[in-house]
Structure formats: structure tokens, C-alpha cells
Amino acid sequence: EIQAAYTKGNERLHMCYGFDFLSNPYPSGTRIAEVLQNFQDRAADSWACWAFSNHDVQRHTSRWNMGPKAHRAYAALLMSLRGTACLYQGEELGLTEAYVPYEDLQDPYGKRFWPKFKGRDGCRTPMPWSHDQLHGGFSDGKPWLPVAMEHVETAVEVQDQDASSMLNFYRALIAFRREHPVLWKGSYAPVEADDTFLSFMREHGNVRLFCAFNLSDEPRTFELPEGVWQVAEGAPFEATKEDTTITLPAWQAIYAFAGE
């Protein structure tokens with residue numbers, strides 16, 4: 001599909017929206033490496049748009065049964081891929097799939113196939129802006145879909161005041177990505193992958209960046225690639241470096257720049 005779209009429209013196609021991570025299979029390190037290698041093999045000089053959630057699929061933190069720490073690790077991975085990162089509304093708040101009662105459904109598919117398939121409204125509920133206003137501060141009038149009560153306590157107003165919140169984590173992550181163009185412009189080269197770990201190299205101009213992600217609830221120890229590496233500052237993660245050995249706590253990531 002990637003090759004067909006790229007070949008057919010390479011004179012006019014500006015960006016290819018990837019559906020690989022919008023499916024149900026859990027994105028293990030092995031699975032992500034396969035998707036990235038497939039893209040590399042078929043359209044390495046094209047531009048991709050990567051997403052984990054959108055208005056047509058169950059929110060990924062529910063779809064993949066992720067806790068907050070896992071959500072953060074995968075957010076970092078998404079923001080470390082070459083191309084455009086697409087964040088769906090509420091993703092930066094860590095929102096889960098909302099429960100929408102049958103009588104409030106708007107999606108025709110949900111109405112038709114209830115209760116086996118409850119439709120797509122669970123990911124389309126209003127963004128919660130405030131925890132103490134009507135409809136979560138989304139609107140003074142009745143919204144198209146009801147505000148999920150379980151989302152109100154994670155409203156923007158609440159998270160904005162908490163330095164350790166998911167919202168402020170995303171802000172730090174986006175700032176880190178913006179500061180280092182190698183993350184979104186650089187070439188991609190795999191280093192290591194298994195079901196609970198993924199690492200790769202990014203390169204842009206004279207900048208080389210090593211990225212590694214512990215996708216499990218156990219610590220992970222590994223060796224840096226050959227050479228001299230300086231751990232990047234500003235990334236909202238924890239890691240321990242001893243000479244060339246890195247230990248990542250559960251659901252943590254590390255970024256290291258090649259140096260002299």
C-alpha cells in the first residue's frame with residue numbers, strides 16, 4: 001500500500017498517513033521495527049505521518065491496555081520517528097476510551113451493531129477543559145456527545161497546574177523534538193529490537209542521535225553503540241549511564257548524541 005501510493009502520486013503526494021499503528025495488534029518493539037523497516041525499504045525518501053489514535057479507532061491507551069508510564073514511553077517513541085507526528089485530541093491528557101450509553105450514541109455503526117460493536121463515539125467525546133464547569137468547560141450548551149465523567153479529573157485545567165502531569169510531559173516532549181530537528185528530519189537506521197525494547201540511530205547533517213526505549217515494566221541494561229556518546233539533556237526520562245552501559249528503568253527512554 002505504501003509503495004502503490006508513493007509510486008502513483010510521487011509528483012503530487014506530500015505526505016502519507018500511516019495506518020499501521022491504528023490497528024489492534026500491540027506495538028511491541030519487534031512490530032514497530034518491522035513497520036519502520038517496511039517503510040524504509042519501500043519509500044525511504046518520502047514523508048510519513050504517524051499516529052496512534054484518531055477519530056475512527058478506540059483510543060490507544062485503552063486499545064493497548066496501557067498504564068500512564070507505558071503511554072509516556074510510547075508517546076516518546078511516536079515523537080522520535082521521522083516524519084510528522086499526529087496527536088489526536090485528548091491524547092496529551094492520557095484520555096481513555098469513554099463509555100457512551102446507547103441512548104447518547106451518534107455513530108450509525110454503533111447504533112446498528114450495539115452491543116457487539118459500540119461504534120466510534122467513545123473516542124469522540126468532548127475535550128475536558130475544566131473539572132468544575134458544566135460539560136467540562138467544553139461548551140455552555142449541550143454537546144453532540146456527553147462529556148465522560150472519568151475524564152473530568154484529568155481536565156486541562158487540572159493537569160496544567162501539575163508539573164508531573166501527562167499534559168506537561170507532552171509539552172516537554174514536544175519542546176525536545178522541536179529543539180532537535182534530527183528527530184523529525186533525520187535518516188533512520190535500526191540498531192536492536194525485541195518485544196520489549198527498541199533502539200535506532202537518527203542522522204541529519206553532522207548530527208547523530210541514538211534513541212532507545214524500554215517498553216516493559218522491568219529495568220533494561222544494554223551497551224551503547226561503539227563510539228563516544230553524550231546523553232541528551234531536556235528529554236523527560238530517567239536513565240543511568242556507566243561508561244558505555246545504560247540502564248533504563250521500566251518504561252523509560254534515552255537519547256544520546258555522538259561526540260568526540
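**Helix packing, aromatic pairs and loop residues**

Modeller: Helix H4 passes helix H8 in a right-handed crossing. The model is a predicted one.

Biologist: At what angle do the axes of H4 and H8 cross?

Modeller: The crossing angle is roughly 20 degrees, and the two axes come within 10 Å of each other. H4 covers residues 68-78, and H8 covers residues 166-179. Angles under 35 degrees count as roughly parallel, so H4 is roughly parallel to H8.

Biologist: Which residues make the contact?

Modeller: On the H4 side they are Pro 68, His 71, Arg 72, Ala 75, Ala 76 and Leu 78. H8 contributes Met 166, Phe 169, Tyr 170, Leu 173 and Arg 177.

Biologist: And how do the residues of that contact divide into nonpolar, polar and charged?

Modeller: The contact of H4 with H8 has 8 nonpolar residues, 1 polar residue and 2 charged residues.

Biologist: How many residues of H4 are buried?

Modeller: The count is 8 of the 11 residues, so H4 is largely enclosed by the rest of the structure. The buried positions are Ala 70, His 71, Ala 73, Tyr 74, Ala 75, Ala 76, Leu 77 and Leu 78.

Biologist: Changing topic to rings: how many aromatic pairs are there in the whole structure?

Modeller: The search returns 18 aromatic pairs. One of them is formed by Phe 21 and Trp 50, with ring centres 5.7 Å apart. Their planes lie at 40 degrees, so this pair is classed as tilted.

Biologist: Where do Phe 21 and Trp 50 lie?

Modeller: Phe 21 is in the loop between strand E1 (16-17) and helix H2 (29-43), whereas Trp 50 belongs to strand E2, residues 48-51. The pair therefore ties together parts that are 29 residues apart in sequence.

Biologist: Is Phe 21 buried or exposed?

Modeller: Phe 21 counts as buried, at 2% relative accessibility. Its partner Trp 50 also counts as buried, at 4%. The limit for a buried residue is under 20% relative accessible area.

Biologist: What about Phe 52 and Trp 64: how are their rings arranged?

Modeller: The ring centres of Phe 52 and Trp 64 are 5.4 Å apart and the planes are at 75 degrees, so the pair is edge-to-face. Phe 52 sits in the loop between E2 and helix H3 (60-63), and Trp 64 in the loop between H3 and H4. The pair thus links distant parts of the chain, with the two positions 12 residues apart in sequence numbering. Phe 52 is buried, with a relative accessible area of 2%, and Trp 64 is buried at 5%.

Biologist: Which residues do ring pairs link into a cluster?

Modeller: The cluster consists of Phe 21, Tyr 26, Phe 39, Trp 50, Phe 52, Trp 64 and Tyr 74. Tyr 74 is among the buried residues of H4.

Biologist: On to the backbone. What kind of peptide bond joins Trp 114 and Pro 115?

Modeller: That bond is cis, with omega at about 0 degrees. Pro 115 is placed in the loop between H5 and H6.

Biologist: What is the phi of His 135?

Modeller: The phi of His 135 is positive, about 55 degrees, although the residue is not a glycine. His 135 is located in the loop between H5 and H6, and counts as partly exposed at 23% relative accessibility.

Biologist: And what is the phi of Trp 251?

Modeller: Trp 251 has a positive phi of about 55 degrees and is not a glycine either. This residue is in the loop between strand E10 (245-248) and strand E11 (253-259). Trp 251 counts as buried, at 15% relative accessibility.

Biologist: Where is Val 147 found?

Modeller: Val 147 is in the loop between helix H5 (108-113) and helix H6 (149-152). A relative accessible area of 13% makes Val 147 buried.

Biologist: Which residues does Val 147 touch, not counting those up to four places away in sequence?

Modeller: Val 147 touches Pro 126, His 135, Gly 136 and Val 152. His 135 is the residue whose positive phi was described above.

Biologist: Last one: is Arg 112 buried or exposed?

Modeller: Arg 112 counts as exposed, at 68% relative accessibility. Arg 112 is found in helix H5. Its C-alpha atom is 51 Å from that of Phe 222, and the two residues are 110 residues apart in sequence.

Conventions:
Residues numbered from 1 in each chain as written. Predicted model: local features only at pLDDT ≥ 70, side-chain atom pairs only at ≥ 80, totals over all residues. Heavy atoms only, no water. Axes fitted to C-alpha atoms, helices over the stretch in contact; angles between N-to-C directions. Helix = DSSP H or I, 4+ residues; strand = E, 2+ residues; numbered from the N terminus. Parallel < 35°, antiparallel > 145°, perpendicular 65-115°, else oblique. Left-handed = near helix turned anticlockwise from the far one by under 90°. Contact = heavy atoms within 4.5 Å. Nonpolar A, V, L, I, M, F, W, Y, C, P; charged D, E, K, R; others polar. Phe/Tyr/Trp six-rings, centres within 6.5 Å; stacked < 30°, edge-to-face > 60°. Buried < 20%, exposed > 50% of the residue type's maximum accessible area, 1.4 Å probe, protein only.
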